[in-house]
Amino acid sequence: MKVLMLSNPYDNILNQIEIAKKLNFDGIEIVLEREIKKMFSEGKLEILKNEGFIYTFHLDNSYNIFNRKDFKELKNICKKIDSVAVLHLNCKKELFESFIKKVKKLRCQNIVIENLDHSIEELEYFLEISDLNLAFDISHAFSFNSKSKVFEFIEKNENRIKHFHLSDCKFFEHSHLPLGNGILPLKDIAKLLKKASKTVTLEIIETEIPEIDYSVSLNILRSL
Ligand SMILES: [Zn+2]
Ligand SMILES: [Zn+2]
């Protein structure tokens, strides 16, 4: 299991990379905003490449794949991405088919789709009608589904899940809390993640003390 830190889009990216390294993360998931978008358009991504350090990208909420202008920008960015790129499944079941068509048109091998407030049944259906793979957000899944359903889904779809997101959460709430501050059965999750042996990004957004919360959460995850 390799653990990544989610970048804070409001801070300088090189600074964020230094923090991730200092805290002993294996890599960073870069939220595509502001200066990163600029770096993409100016072709300055080389400075991000650092040997042995993993980079994934989070294509973020600010893109709506159904919007023409966003789609065009997204397509340009996708051409330049050579590692895992997470895109939100920003629609309900009725629109899955059109969503999948749009993603296909991006022609990006690296895209993985992140579940939001979807039920396990909806996600099963999504996998059934597409060959796209998932970035499975454990806390999103837990906020809206039972533990047994979530665990069953992960084990059953091991080969379709390429990346994980993890933060603690409360029931029926889209929260991104430090580990240990919510309802997640962390011991069982850590066991499952270690067995799956994929990359997992910690997404601690609701915090006033990000460095401390990231460090504590990382230690909890590794020690379980
Ligand atoms: Zn996300
Ligand atoms: Zn997520």
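In the predicted model, Met5 is in contact with Ala20, Leu23, Phe25, Ile28, Leu202 and Tyr214, neighbours within four places in sequence being left aside. Two of these residues recur in the description of the core: Met5 and Leu202 touch the most other members of the largest nonpolar core, which comprises 52 residues. The pair is also matched across a strand pairing, with Met5 standing opposite Leu202 in E8. The strands concerned are E1 (residues 2-6) and E8 (residues 199-202), which run parallel and are joined by four bridges.

The pairing of E1 with E8 belongs to a closed barrel of eight strands, ordered E1-E2-E3-E4-E5-E6-E7-E8 and paired in parallel. Direction ignored, neighbouring strands of this sheet are turned by 30 degrees against each other on average. In general, strands of a sheet pair through backbone hydrogen bonds, in either a parallel or an antiparallel arrangement. The secondary structure of the chain as a whole amounts to nine helices and eight strands.

Further pairings were examined in the stretch from E4 to E6. Strand E4 (residues 85-88) runs parallel to strand E5 (residues 111-114), and four bridges join the two. Within this pairing, Ala85 lies opposite Ile111 of E5. The connection involves helix H4 (residues 96-105), which forms a right-handed β-α-β unit together with E4 and E5. E5 is in turn paired with strand E6 (residues 133-137), again in the parallel sense, over three bridges. Glu114 has Ala135 in E6 as its bridge partner. Between E5 and E6 the chain passes through helix H5 (residues 120-129), and this β-α-β crossover is right-handed.

At the level of the whole chain, the C-alpha trace spans about 40 × 40 × 30 Å along its principal axes. The radius of gyration of the chain is 17 Å; because a compact globule of 224 residues would have a value near 17 Å, the two agree. Of the 224 residues in the chain, 36% are buried. Among contacts with a separation of 6 or more, 72% are between residues 24 or more positions apart. The contact of Met5 with Leu202 links strand E1 (residues 2-6) and strand E8 (residues 199-202), the strands whose pairing is described above.

How values were computed:
Residues numbered from 1 in each chain as written. Chains lettered and ligands numbered in written order. Predicted model: local features only at pLDDT ≥ 70, side-chain atom pairs only at ≥ 80, totals over all residues. Rg over C-alpha atoms; globule rule 2.2 N^0.38 Å. Buried ≥ 20, exposed ≤ 12 C-beta atoms within 10 Å, placed from the backbone. Contact = placed C-beta atoms within 7 Å. Pairing = 2+ DSSP bridges. Right-handed = clockwise from strand over helix to strand, strands pointing away. Axes fitted to C-alpha atoms, helices over the stretch in contact; angles between N-to-C directions. Core = buried A, V, L, I, M, F, W, Y, C linked by C-beta atoms within 7 Å.
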